[in-house]
Amino acid sequence: MKFPREMTKTLKEFGYFDPQKFDDAVSILEEWDKRVMILAGGTDLLNQMKVRQVKPEFVLNIKNIKELEYLKRNKGLEIGALTTITAIRESEFIKKEYTSLYDAAEWFGTPQIRNMATIGGNICRNSPSSDMVAPLMTLDALLKLEGPKGERTVPIEEFMLGSGENILDCEILTQIIVPRQGKSSGTAFKKLKRSSADLAKVNCAVRIAMRDNKCEDVRIVLGAVADKVFRAKKTEELIRGEKVTDVIIEEAGRKASQEAQPITDVRSTADYRRQMIEVLVKRLIHSSIERVAKIHTA
Amino acid sequence: MMEVTTRKTIQMVINGQDREIEVRPNELLVDVLRERLGLTGTKIGCEAGDCGACTVLINGKPSLSCLTLAIECEDKEILTIEGVGDTMKGELHPLQKAFVEHYGVQCGFCTPAMILTAKAFLDKNPNPKEEEIREAINGVICRCTGYMQIVESILAAAKEMREAAHE
Amino acid sequence: MSKPMSKEELQYIGKSIPPSELFEKVTGRFQYVGDIHAELYGKVLRSPHPHARIKHINTSRVEKLSGVEAVLTHKDVPLRKLPRRDQRGCYILEDHVRFVGDEVAAVAARTRAIAEEALDLFEVEYEILPAVFDPEEAAKPEAPQLYPGGNVYGPQFGMLVEKGLNEPVVMEWGDIEKGFEEADVVIEDKVEVKPQIHSPIEPHICIASWKGEELTLWTATQSPYEVRMSIAHALGMPEGKVRVIYGAIGGGFGSKYIERYQPIAALLSKKAGGKSTKIVLTREEELCHAGRAGAKIRVKLGVKKDGTITAIYLKGFFNLGGYGNIIGGCGRFGEESPGLAYKYQNARFEGWDVHTNHISSQPCRGVALPTLTFAVENVIDQAAERLNMDPVEFRLRNLPESDDLMPVKPHKNPIYPRGELEAYPAQQILREVAEKIGWERFKGYQHPVAAEGPKRRGLGIAASQGWGGFCIGGFINETVILNNDGSVHILSGHTDLGTGSNTTLRQIAAEALGIPIEEVTLTTGDTTIGHFDMIGARGSRSMTTAGHLILVAIEQAKNKIRQMAAPLLEAEPEQIEVRGKKAYVRGEEGRAVLLRELLTSTVKCTIGGDPRDWLLIKGTMWPMVAPGKKTRNPVVAASEVEVDLETGEVKPIRVITGNSPGRMVNPTIVRGQYTGAAAMTLGMALWEEFKYDEKNSVYIHASLTDYKVPRALDVPPIVNIIIEEFVERPLDVGGPYGARGAGELAGLGIVASIANAIYNATGVRVRQTPMTAEKVLEAIEEKRERKK
């Protein structure tokens, strides 16, 4: 057994591809399938390779495929999978109209990590504490997956399978589609961490749409407290269609904390996480409603 | 059908100079800079992307060279600490001068990364507030200074750079 | 005798001259050990078990791997131990491993990749032994034994200690039983701190190479002469054949002295025919190698209604880990400072330094003082509250002042003499720090100074004392060489870690000789100069001790020149002054001779290494600066925190440090040291958490992702209150120009001030470090439960 975890820091040799065109990437994937891993930002993959968590025979660098890097407004939002977290953070209209996505990008890692990491990479990493997945899930984001067998678009909720697995089947995530949000929609995201640059102990994203002082629709997504990022659907049911009173918000907090299965690990304890789910959900419901009010008055 | 690459001669622009070097895919940028190009100013502190000591500017953006393959940098512009200021002429960049005058350096191990990060930041943000500076350098850990004199150095450099720009 | 000068006359003392190495550091040209190429790459195989015997080790597969050039096991190392200061001597490798990560074997190969691969090919059979992790448990006779004679190290200071003494280190005076009887209020409480890992950004590193029988070792170390001496002893070599090249260090903080990896690299290199062999620790190895001792401390404090502290009884168990340094344990108390922080009428400080199967204790910036201050201030604060006294008032009543004879009664151990504190403006510092943090906002305990939604703000203050004054000089050599042209060259035994001492020492010499600082050069960084610094850069003593000796040497050099010039100037030697590159009759600058014309060769004086100073080591390294006079460092810290009552998160808003550096030689360097020390101890207080998974025998905190060293957004603005107070003395007496040490001193009270601030904000005491959100919330909820 290697002390205390893998002590290696060098990379084993591997075959390397860096196509400029997307079709070439697809062909490579078709030929080598499970023997090849995709390199985007590299902040996760290279670390995993160094400690021998993964040992790919081939590495496919897709960063030269420029057509996968863009941020477009098209009724909703179309984000190329290679868009860096920095680009998302610096986008004025994301900050205004998809604020929770900005919130997640704001505290993501460090500036260097943000310059390198891509939104596609963060999603495909399948971490249960993925910062970008939580707000996207509240926005009902869709993921476009393309491969040799063709293309398909899946709701982000169906993408992660838990335990670090996803549904990619010889495919590349190329685009994230965020449907247009209603005018009376407010979003918020918060992650609790140990210090200023950290993975989440608990993260939470909320989107709420209001009409006539009642909740027309709501999404409550939790991260780092189950084996994948998930929607707290029972909690959502409590609020949907109701007047959002303090009592309802209290109940929602409690319900959300029951829907999760937090564990104790190096970052925090199961008990603390459970309590924090309550606190975060309550606070973010308030924040989201406040942001709805701001858009209205704007 | 693309052929697999097991070694490649790539072009990069390093500190303003065109360089050509043959690399294998599994070589990290930090190792190529330090071991093969003799540019030891870039440091290795953790090799996992946490400490930031390996920061270089790739196409102007602070990036972690310990998590970058050299081969990914084909046709890119790299700036290391050796390319800041003009030491052949004995001229220091205002940041380098400020770090000396305001003691933003103690052991010096994080200094190249700090200066490069600060340079990229000031190039985009010439009149920063203290909080913005701390945010920009949050990716480089310093164990020695407690950050006060680093922030003071960057503020002083920013002031000098603004005044020079107005002349 | 040379007279000290007033501020106006001083040319270099008090000037913020940038350290000379900074130009190289900002251009990336400063060469650290890692920047030097070596032929071979070494790696250490480490124990996966906390306690075990190596039954069998098979290296045949390692040796067969192409590219491997040397393999080392415990069977290959000399049978002499490696002597280490204040630490058990240890074999370079042994068949008894004492913590997860302990060195088992080593390999050197042509590339790093081959060395990594080779580690997997060792076949080791272990006999797993029962392990113990808690120092209090380990002190019991039935605990698993790590060493013959028991796990308790005891107050012994030799270099090759063989057996434990089942005794605590004790410092006491008066009669605490009586003291507690006289008290109106008695507070008893305990705290627990986890180890803090130094984690300099440059990991431990060395390169070893041999030319015949001579070893050269490049290494990042704070005590190069200790490295030389220890390796020479263990390898049975004359010291002159071990050359240590040092001086380029990427941070130390007490972690970089003599470790096993250095002689391991030397032996690997020897086996490979002398080829240069580099060993550098990965960050993971770095984070489970050594750290500030974890400790459990109980304090009982007795106070009278008027606020006088009648008695204190402190009993602490300090976790030395497998091989720990006892200075890294309770700090020996011989350093006195914990006992002199307040005027305790009666006192007993009892420290049990105990080995366990954890990472070794290694002194970490401030050593045991941040821990001890936390333990004591925890009850000081509670006593003030119980007496309904303002915390600042209560402390003012008990802080000693200049000229106070301390300790209050004579030490029971006659080795520690009493003395009057000199230039000790503790009360003034406390007042100014309190004012700076805005203590007028303090409305009493149970009243946060501000509240908004779930957030509460609180203020906390703490007082302490540290060393770093005038240190015994017997352990370091300094040579001053006056060149023909009147310029001066210094050969120094000290080590500059980035702390600026290379420059401050030159400032001191330039001042004393009245010459431009550009004409003062200094050589350090290579043991070939034949100097010695037994203690190394420890205890914030480099500049003061080396500086003191340099001034003594300069005075002696001047005396030699006075003798030479007397006949020429037709005056008595005592009438002659030597400054500005000339010798002249005092008061008659015309009657002068240029050194250039006077000297026929260099004038050289070496000072240091008097073995009579050894006697003091049993008591304290910080002797009297003059008969009956002690120099100690008063220390105060104050913090303002914001606590979120619902999440338990603690955010530091502002930190104020208060210190007296005596007279500052280089103000900017002093501020930098104070701020850095405060930030480091802030990390200990709030974010840095040592975590061991006992079930799987893994240190799960071992990466910078999980071991949270403070970043720029974590550390709030830190303001330093600096009161310069010193006694004017002849230059060759006491700290140079009245200077005191600075490196560790501002961090001592930070943990305590944060804990006290949290209490003010929330009404809960956190008695552990780090004070994470989880712990704070737990304490808040416990309080709520108790109220019901």
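Let me begin with a term I will lean on throughout: a residue counts as buried when its relative accessible area is under 20%, as exposed when that area is over 50%, and as partly exposed in between. What I am showing is a predicted model, and I would ask you to keep that in mind with every distance I quote.

With that cut-off in hand, take a salt bridge in chain C, where the side chains of C:Asp526 and C:Arg243 meet at 2.6 Å, N to O. The two partners sit in distant parts of the chain, with C:Asp526 in the loop between E26 and helix H14 (542-569) of chain C and C:Arg243 in strand E13 (residues 242-245), 283 residues apart. C:Asp526 has a relative accessible area of 15% and is therefore buried, whereas C:Arg243, at 34%, is partly exposed.

A second pair in chain C is C:Glu336 with C:Lys630, whose closest N and O atoms are 2.6 Å apart. Because C:Glu336 lies in the loop between strand E17 (309-321) and helix H9 (337-340) of chain C, while C:Lys630 belongs to strand E32 (residues 629-630) of chain C, this salt bridge ties together parts that are 294 residues apart in sequence. Here C:Glu336 is buried, at 1% relative accessibility, and C:Lys630 is buried as well, with a relative accessible area of 2%.

Chain A offers a pair in another setting, namely A:Glu57 and A:Arg35, whose side chains form a salt bridge at 2.8 Å, N to O. A:Glu57 is in the loop between helix H2 (45-50) and strand E3 (58-61) of chain A, and A:Arg35 is in the loop between helix H1 (22-32) and strand E2 (36-39) of chain A, which places them 22 residues apart. A:Glu57 counts as partly exposed at 40% relative accessibility, and A:Arg35 is likewise partly exposed at 40%. Chain A also holds a network of linked salt bridges, whose members include A:Asp140, A:Glu157, A:Arg207 and A:Asp217. Over all chains, a search of the whole structure finds 93 salt bridges.

Let me turn to the strands of chain C. How many of the five residues of strand E25 (residues 488-492) of chain C are buried? Five of the five are, so the strand is largely enclosed by the rest of the structure. As general background, side chains in a regular strand alternate between the two faces of the sheet. In E25(C) both faces are covered, with C:Val488, C:Ile490 and C:Ser492 buried on one side and C:His489 and C:Leu491 buried on the other.

E25(C) is joined by five bridges to strand E24 (residues 478-482) of chain C, and these two run antiparallel; within that pairing, C:Val480 stands opposite C:Ile490. The two strands form a hairpin with five residues between them, and C:Gly486, in the turn, has a positive phi of about 85 degrees. E25(C) is also joined by four bridges to strand E26 (residues 520-523) of chain C, this time in parallel, and there the bridge partner of C:Ile490 is C:Leu522.

Elsewhere in chain C, an open sheet of three strands has the order E6-E2-E8, with antiparallel pairing. Strands E6 (96-97) and E8 (123-128) of chain C stand at the edges with a single partner strand each, so one side of each is left without a neighbour in the sheet.

Finally, the interfaces. Between chain A and chain C, 31 residues of chain A are in contact with 40 residues of chain C, and the two chains bury about 2,900 Å² between them, 56% of it on carbon and sulfur atoms. There are seven salt bridges between chain A and chain C, one of them joining C:Lys708 and A:Asp198 at 3.0 Å, N to O. On the chain A side, helix H11 (residues 270-297) of chain A gives the largest share, five residues.

For chain B and chain C, 46 residues of chain B are in contact with 54 residues of chain C, and about 4,000 Å² is buried between them, 57% of it on carbon and sulfur atoms. In chain B, the residues that lose the most area to chain C are B:Val100, B:Tyr103 and B:Arg143, together 21% of what that side buries. Five salt bridges are counted between chain B and chain C, including B:Lys43 with C:Asp35 at 2.7 Å, N to O.

How values were computed:
Residues numbered from 1 in each chain as written. Chains lettered and ligands numbered in written order. Predicted model: local features only at pLDDT ≥ 70, side-chain atom pairs only at ≥ 80, totals over all residues. Heavy atoms only, no water. Contact = heavy atoms within 4.5 Å. Buried area = accessible area lost by both parts, 1.4 Å probe. Salt bridge = Lys/Arg side-chain N within 4 Å of Asp/Glu carboxyl O. Buried < 20%, exposed > 50% of the residue type's maximum accessible area, 1.4 Å probe, protein only. Pairing = 2+ DSSP bridges.
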